[in-house]
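Let's take a walk through this chain, stopping at a few places worth a closer look. Keep the viewer open as you read.

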Amino acid sequence: MTEDTGDFGDDAHRTIPARPATVAGPSLRARTDLRFAILVAAVLASSVVAFSVVCAALPSTETLFRNGIRPCLARIDPATAWITDPGDHLNTQTAMANACARPYFLHELGWIATGLMAELAVALLLYALHPWWPTASIRLPQWSRKVRLAGDENADVLKELNALAHQAGLSRSPLWLVDPYATTSGGRAYGLPGRPRVCVDMGLLIRYDLDRGGFRAVVRHELAHHHHRDIGRTYLTVSLWWAFVTTALAPCVLLSLCPQALSNAGSGLRGTLSAGADGKLAQRLVALAVLSAIAYLARNMILRARELHADTLAHTWDVTGAALPRVVRDLPWPPTGTARRRIPARWRCWAARVGTHPSPERRVAAMSDSARLLRTGAWEMAGLGLLTGFALHNLALLTGSAAGRYVIVALTLLALPFGVVLASSLASALAVANAVRQETDVLETAGPWRDVLVLPTALTTGAVGSQPFSLVAADMATVTPAPGLYALIGLVHLVILLPLALWTWSALRRLPAPGANGMSWTRTRVIITTAGAVWGPLWATWQAQAWYPAALTMATVDTAPTTGGTIGWYAALTGRLADAYFYYPLVLVRATPLLPVGLVLAWAVPLLLAGRRHRSLAPAQGTGRALAVGAAAGLAAVAAGIALPWAARAVLPPEVRRVGDPAYLLGSLPFPVVYADTYTAITALLQAAAVVATVLVCRRLRPVLGPLAMTVTAVLGTVGLYVSRGTLLCVAAADAEPDACGLKAFLPDADMAFHLRETVAWGVVAAVPAALLGTAVRVLTERCRRRPEATTDTERADTPRRWPRLQPPALGLLAMLSLACAAAGVPQDYRVWRPTAPVAAPRTPLNGRSSPASSSSDGTNDPCLLGSWLVSPARQRVRVEGSQVWLTGEGGTWTFRSDGTLIIDYGNEAQETATLHGRPVTLRASGSVTTHYRTAKDTIGYYGSAVRRPGELTLRVAGTDVIRESLTPAFTPDHYTCAGSTAHLSPTSSATDSPYELTLVRQSSEEG
């Protein structure tokens, strides 16, 4: 306890008034430990980025990049030019780039590990030396001034101090010291493990004779720190902060301002990967400043929490309960000191609010109403999100780079512990708020909604708002979302966290107060653990995708089906269903057992905890209604599945319905897939309707019973899919064998687990916003229709009810079916999450030799192509005014050189012509393009293209320009044949929408 005090926030720390030493103590200690762990993770993650900046500026890194990595990267384009599929091309290039950069990553990992070990060593050294620290923000006596309290003249004081230590429950009395030159009436608790120390000021010893109660209050406060065992955590926090500043932050700032301080040439791989490094300097410095400020404020927040905790515990040891509040009220605020007196008072007051000690008013309020300790405020939750976001973003780049092809898996696993911690922290904050309300009998209406709405919003704001200020975002423009994407990322975060908040509050609000008995605390912990297990992985899966924001709004597919594309509504339906079906974040979530298992846990855990012991929950009424609503919606899905084949037969022509080829291109979904997705979408809407109906008809446990109704609908809807499929075959609405209509057509198959997961995934997407909207409507309606004489939920809950006999078996069967399908789909999940192997071998050695799979990079092109060729004739099919027409003409001159260079010269006016409905169609091209080419497997691949002489590409119909654009150097691989003086070029795939045929006639040859 010292006069150097401060304050931060109004609602940061609250506790339950009853039994703070046994109930509030462990809870606050666990929460403070969590803050400390997150602060350590954020500091270490930021240190990783800072040490990588230092590594990039080293001369050894520059040499490695210049002599090994740059030549290896230059060989990637030639080695992959022949790969025709765009996905395979990108996948192979990525794999080869990772192989090229692996030596750098190993070099970087070595420096990062060395830096982290040095930082931890400095932190541990500072912690070991903390008993001899000079006067600092955590005030300790100077080593030359402290004196051991001993002697016969101090025997009565030592007896009193040892008695107070025994009262505090310490197994070993601290070493009592005195600062003879300190005139204040404070003290300091510190010491290494096993060697506790307490140093009191000389003014406090004088107070022993003048104010015995005040003396005991101050000593009890210092002993409370030892009782809580927060000494090590406190000084480790401070030591880690200064170690981060000296070993990581300062070198990173210096090398950011002067990147050539250690080398005279370029900035190595980091400078190459981060285009516009000079323009990113300011952003990096801002990121460093924000990180330092957040880490400093988090450090002080931990220190303020331990002061409030010690005050509350020391206050309970005082029988009268008046001494410590009186002493604290007498402390000056804002703090005064020789150095601080020169600062204006308003600035001193603001600085004190974010200092290491709370204000006297705050401390006294915590003693009188210890509920202030455990209640988590919005600022604290936002700070938790900020620290988590900083740690996650700053570790993501290194994790993704080291993972190679398994980048999605690595990022998801990285985000998983952070997601579990955030979800558990939010659930714990709501559990404490619920306990406080039950203990204090707070019945105001606005209270719970403040916690349920504000805390998830604050956590989302902190987690999403940390991304643009991370050190990785300062160097990598690709991971910085556009302003519009922040709304999408934040909205999905909030949609994940809001149901968590509603579910936690609903599951806990009717349980007995956690302080009443140990079993209630056990049930509370089970609810918190369930929340972390269900919502944490969902948050992590989305966060792993949000790290690359450019793909979040990318339209995966948006093309008309190959058959039926002329039917406007059918083409639009196919495109929208394809977008949902191939949306990658949803694909990843669908390829996990998270959603089916999460739905079961969301309703099974609260109902099991309620059981028969707590009649106040009255589970029979709400559970029966939820089961009935879910069954009604599920039967409606089955009915829709029976009616859907008849509707398809009535509105679609036979040529559309009878396309049953399972092999389809991305964006060209055949009718069976469109049909199944249409039924799944209908089932998803019915799941949303079931959740809304449950919210409207049930009086309690709505966030718990909503998932129950949704699970029933999803299971029945999955069964309805097979009923619909059998009906489709029986009414001959699609391709089928003559004997396809039978019992086998209606029975589930091996894909049932996949269909259930897909149904649940689409249902969650539709049900969550519908449930939130329905909850808001229900709350507003209840407020408008509330009458004083109406029977409240509590009064209704007092009526004993029994579980109907059929409900437990029905719930058990429902849970078993969902969990069994979730487990059965794990083998399919592995195939989805397993990355695609590269087409070309990614092992491009750094010694300049090429692997056999990339032999095209060694310059051995087909010698038959060398020379100059005239394109005559050239034929290609184009679409003009909804009709397809073949154009025929000449395509210019192609010159293949032995050095791998191709020059395409269209001259002044190479043209192709045709006639469409009696009107002339002309395609003219001019200009010249140069590119590099490689041949492999009868394929010509192109890379490094550029416009050599500007030109135009013009399409005219009856003298009117339909298309007119500048010549572009865009090329796709060609299939070719070469024999003597003639060569033929055509598309690599016969399924292309724009076929062409080029005949090349040799004009001259070139010797290789």
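A disulfide, for our purposes, is a pair of cysteine sulfur atoms within 2.5 Å. Go by that rule and you end up with two disulfides. Keep in mind that what you're looking at is a predicted model.

Start with the pair formed by Cys 72 and Cys 100, whose sulfurs sit 1.9 Å apart. What does this disulfide tie together? Cys 72 belongs to helix 2 (residues 59–74) and Cys 100 to helix 4 (residues 86–128), so the link connects parts that are 28 residues apart in sequence. The torsion about the S-S bond is about -70 degrees, so this disulfide is left-handed. Are its two ends buried or exposed? Cys 72 counts as buried because its relative accessibility is 0%, and Cys 100 is buried too, with a relative accessible area of 0%.

Now jump along the chain to the other link, where Cys 864 is joined to Cys 978, with an S to S distance of 1.9 Å. Here the parts tied together are 114 residues apart in sequence, because Cys 864 lies in the loop between helix 31 (826–833) and strand 5, while Cys 978 lies in strand 13 (residues 974–979). The angle about this S-S bond is -75 degrees, and the link is left-handed. The two ends fall on either side of a cut-off: buried means under 20% relative accessible area. Cys 864, at 19% relative accessibility, therefore counts as buried, whereas Cys 978, at 22%, counts as partly exposed.

While we're on cysteines, have a look at two others. Cys 55 counts as buried, at 1% relative accessibility, and Cys 821 is buried as well, with a relative accessible area of 11%.

From Cys 864, in the loop between helix 31 and strand 5, carry on into the strand itself. Strand 5 covers residues 867–880, and which strands does it pair with? One partner is strand 6 (residues 883–889), joined to strand 5 in the antiparallel sense over seven bridges. To find your place in that pairing, look for Arg 877, whose bridge partner in strand 6 is Trp 886. Another partner is strand 15 (residues 996–1004), which also runs antiparallel to strand 5 and is joined to it by seven bridges. Here the marker is Arg 875, with Glu 997 as its bridge partner in strand 15. Then there's strand 7 (residues 893–896), which pairs with strand 5 over four bridges, again in the antiparallel sense. In that pairing, Gly 867 has Phe 896 of strand 7 as its bridge partner.

Strand 2 (residues 175–179) gives us another set of pairings to trace. It's mostly covered, with four of its five residues buried. Which way do its neighbours run, parallel or antiparallel? Strand 1 (residues 147–148) runs antiparallel to strand 2, and two bridges join them; Val 147 stands opposite Val 178 in strand 2. Strand 4 (residues 195–201), by contrast, pairs with strand 2 in the parallel sense, over five bridges. To find that match in the viewer, go to Leu 177, whose bridge partner in strand 4 is Cys 199.

Next up is a charged residue, Arg 220, found in helix 7 (residues 212–228). Arg 220 is buried yet has no salt bridge. Why not? A salt bridge needs a side-chain nitrogen of Lys or Arg within 4 Å of a carboxyl oxygen of Asp or Glu, and the nearest side chain of opposite charge, Asp 318, is 4.1 Å away. What Arg 220 does have is a polar contact, side chain to side chain, with Gln 167 at 3.4 Å. Leaving aside residues up to four places away in sequence, Arg 220 touches Leu 164, Gln 167, Ala 314, Trp 317 and Asp 318.

Our last stop is Leu 387, in helix 15 (residues 378–403). Leu 387 counts as buried because its relative accessibility is 6%. Now look at Ile 38: it is 349 residues from Leu 387 along the chain, but their C-alpha atoms are separated by 6.6 Å. Ile 38 is also one of the residues that Leu 387 touches, along with Leu 39, Ala 42, Ile 294 and Ala 298, not counting residues up to four places away in sequence.

Key: Residues are numbered from 1 along each chain as its sequence is written. This is a predicted model: local features need pLDDT of at least 70, side-chain atom pairs count only at pLDDT 80 or more; totals for chains, interfaces and linings use all residues. Side-chain values use heavy atoms; hydrogens and water are left out. Two strands pair if DSSP finds at least two bridges between them. Buried means under 20% relative accessible area, exposed over 50%, partly exposed in between (1.4 Å probe, protein chains only). Lys and Arg count as positive and Asp and Glu as negative; His and the chain ends are not counted. A polar contact is a pair of N or O atoms within 3.5 Å; within protein, one must be able to donate a hydrogen and the other to accept it, and residues adjacent in sequence count only if both atoms are side-chain atoms. Contact means heavy atoms within 4.5 Å.
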